[in-house]
Amino acid sequence: MIYARFKDKKDIEKLRVTPLSDNIRSDQYFYEILVFTGRRSNAGTKSKIQFILSGTNDETNVRTFSDAYRKIFQRGGIDAFIMGVPKSLGLLNYIRIWHDNSGKGSSTSWYLKYIIVRDLRTMENFHFISQQWFAVEKDDGLIERIIPVASEIEKRKFSHVLSKKAYHSISDNHLWFSIFSRPASNKFTRVQRCTCCFVLLFTSMLLNIMYYDLSTEAKSSKKTHGSILSIGPLHITPEQIGIGIMVELLSLIPSLLIVQFFRRIRTRQQISAIYKTLYTIKPFLQISTKNVTSTKKKRIIITFPCSALFFAYCIRTSYEDEEANEYIDDNGIDLNNNKDYLHSIEYDSLYNFQSRKPANRLNENELANARQYRLKEIQMWSIIREFFIYLTFLTLICIIAYSNRDYNSFLQVHHLRKYFLNSRQINYDYTKISTINEYWKWLENSFVSNLRAQQWYNDDTLRNLNGYINDKSNRIIGWSIMRQLRVKTNLCSDQRIISKCKKDYSLFDEEKRLFQPGWINQISIEIEYSSSILKAFKYTTSDKLDTYIYIGQHETYSGGGYIYEFRGRLLDLKSNLSKLHQLEWIDDKTRAIFIQLTLYNPNVQLFTSATFLVEFLSTSSISPTVRFEPLNFYVFTSVLQLVCTILYIIFIIYFIIIEIRLLFQLKLNYFCQFRSLIELGIIVCSLGNVVVYLWRFQECKRISRLFKETNGYVYINLEFAVYVNDLLTFFLSFCCFFGTIKFIHLFRFNRRLSLFTETLRYARRELISFSIMFSIVFMSFLSLFYLLFVSRISSCSSLLSSAQMLCEMTLMKFDTSELIGADVVIGPLCFSIFILLVVFVCLSMFISIINDSFRYARENQIQDQDILSFMLNNLLHWIGIKMSSRSQIAEEQDSRMRSQYFDPIENFPDRIDQLLEVITRLYINQKADLLRLQKAGV
């Protein structure tokens, strides 16, 4: 309400009718001028606006719009002026209007909707429709226009009517929006509108209180009959829908009555302030007042037929100018209803003894100079806005990405690696396991002992550590499982030595049959075993285990297998492992052993998925690997992270809209720009972030619910959550990468930084050709080293490791002793040839291509130094370091004028040539016409 009252006072100031400052006492005829400024961005202006009004009888001198007491020509404003002339201008023909471009920044331009000129003696209105910019940087760049008087057809034109009614309908007819965007001339004040809103709100609250007791019945009916609509935790019943409709209907009627009452209420003053002022100063002025009396009579009687309130409110003619009617009443001079709308006679008058100022128009050179300066200014603010918007976006990305990483994660993984792997103990070092017996030894003596919390070092008993591992900090979720993958026995390709072979693991050659303990195919056995031992020899699918495909160091493994669960007391676990060892649960058909467990550290609120993998190769070698993946299931650890995520999504939508517009403008050329590819990378990674973030949230919600229901006593596999978290990390990392790379484009106005992109652009074709040639050379050496040393050097054991070795040789970081040890002659020879062709030839060619492109880019650099110096000078002026003197300003203006000046003598030969071409063309055309007439016999 305080805001509404404050804005109502501001609206009264806007509605003042201002006499022109260049009115003189001898003027006997008066016109009222209404100027409607558009509501587009930066539509208002602070430039000086002048005009010439022309009619059938006469035209005015150069007149100036000005007001020393209020701001005029603001965005969406309606400004009223009184102009005095010596005699009637007759029927108006056109108005010539312009401004001097004296505003600062965006206040130089002006968007004029239309002008209404009203003859205060004949009460005739003349409309001048513009709907154009008066700006050097927009549309046609003109700041002076001739606007003819509009005909009835033009006033009813759809575009004109739409522009008048669209905003006015929303700002005036919508009750809630109009509190903030009410037309200043409307008599329905903001305070009254705010009162209506409060009445509607309180009425709705009162009616809801009346129906509050029915909520229990709605809930009971929801339980018995079910809800018709359910969206998450929200349930909507038929009773609730009926209550809502009833409340809306009952609150609508009093609201409409109050709104119509305020709209039709009688005002205090019936005679216009303009009429009073004119009559006070010039009593002999002939102004028709008969219509004023009729207006007064009409306004005294106010009736409110209840049945016609809403009907009368809605039905209006389509071409009615409601915005102008707030100021103009065709029945009389009724511009305002308050004395403050017109400046007080004590301070202002309709007349001024000052001489009228001459026209202040810009010539072509000044206009070109102003246009160039304004375009630089727009470009400068565009660069600054782009820089800060993108800096904010990159800050949000970094906050989200780095908050997803926790330093405690590294400490957790470091602790678990030392705790489980026992790398300092020679007998139980997991990383140095090379035989099956060593693996059993580590499993029985080290791993199992660490799975259960034991007594403290001083033999104190454990308290509240049920389910914890022996480090007393991490609690195991459920239990740990050990999963074995086996292969079938196949016939050997060469059966002269052995008939059956065990090949490497394959998804299509996996063993899935059911066995008895000892891998026996018999159905019945004499010895009784525990259920965990029997289950270890039965295949379990991945669906039952909730496991997924795992990519190891040598092969890709399925999610099923033969399972042993580490459940029970420590003595039972050791006994079962000893029994499995005796039954040769791990034999020559075993190809992989997985140990998976899930840990939770309540001190740092981190879940950890641990996977121990031992791969048994067909060559009888063993390759142990381990992977610890810490996870934080708290999606939003702080309010800052939640706010940053919401802003991040808003920025993504903003960038998508911008790039779609550029795509429609540039079409296929959009994909040829380096900046566009970076933007696409950011958008794709950002969309991936949003999708995976929601996916991760659902998975974390499912696991948290399961953990809450079972109190952590059921095995929970975090393998899928780890995959989703890795995918999120992948998208966040590349999003940060692309976001940082884009700063090269933002600093494109720096000469040295722009050389980087320009060099790559000029060297694009040469680099493509060089890459093809280098790839052929590199692939040839890759094949050479792999085939020669695959069985002699560990660095050449695979194609990938061979490629890594060649890259190290290119960087001169390779130890040649391995090659010499593999072969004394061939090793150094291949190394010498590689260094000669790749390092000395190929790299020299690459450096030459970059040098030539860099030199060409530096010589032909298209650098907008003007905008850079322009931004720097403006920055120095803003912070007060550099202040321009009058001589510097004059010299700068002279240089601008000289840069835009063209000597007529220099252009004289070109003009003569153009004249001769025109004369020649006319002569040829006349000859052709004569020949045509002669042939026709005329």
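**Notebook: aromatic rings in a predicted model**

I started with phenylalanine 671, which comes out partly exposed at a relative accessible area of 43%. My bins are buried under 20% relative accessible area, exposed over 50% and partly exposed in between, with a 1.4 Å probe and protein chains only.

Ground rules first. This is a predicted model, where local features need pLDDT of at least 70 and side-chain atom pairs count only at pLDDT 80 or more, while totals for chains, interfaces and linings use all residues. Residues are numbered from 1 along each chain as its sequence is written, and side-chain values use heavy atoms, with hydrogens and water left out.

I then ran the ring search over the whole structure and got 57 aromatic pairs. Rings of Phe, Tyr and Trp (its six-membered ring) pair if their centres lie within 6.5 Å; planes under 30 degrees apart are stacked, over 60 edge-to-face, and the rest tilted.

I pulled up phenylalanine 393 with tyrosine 648: a stacked pair, 5.7 Å centre to centre with 15° between the planes. The two sit 255 residues apart, phenylalanine 393 in helix α12 (residues 364–403) and tyrosine 648 in helix α18 (residues 639–666). Helices here are DSSP runs (H or I, at least four residues), strands likewise (E, at least two), numbered from the N terminus. Phenylalanine 393 is buried at 1% relative accessibility, and tyrosine 648 is buried at 5%.

Back to phenylalanine 671: which ring does it pair with, and how? Its partner is tyrosine 670, with centres 5.4 Å apart and planes at 85°, so I logged the pair as edge-to-face. Tyrosine 670 is buried at 2%, whereas phenylalanine 671 is partly exposed.

I also noted a cluster linked by ring pairs; among its members are Tyr419, Trp442, Phe566 and Phe628.

Next, charges over rings: NZ of Lys or CZ of Arg has to be within 6 Å of the ring centre and within 35 degrees of the ring normal. Arginine 486 sits over the face of tryptophan 519 at 3.6 Å from the ring centre. Arginine 567 does so over tryptophan 479, at 3.8 Å.

I checked the UniProt record too. Its unreviewed entry lists "transmembrane region" spans including 241–262 and 677–695; such annotations may be inferred rather than shown by experiment, feature names are shortened, and positions follow the numbering used here. In the model, residues 241–262 are 100% helix, with end C-alpha atoms 32 Å apart. Residues 677–695 are also 100% helix, with ends 27 Å apart.

Last, the chain totals: 29 helices and 22 strands, and 41% of the 938 residues buried.
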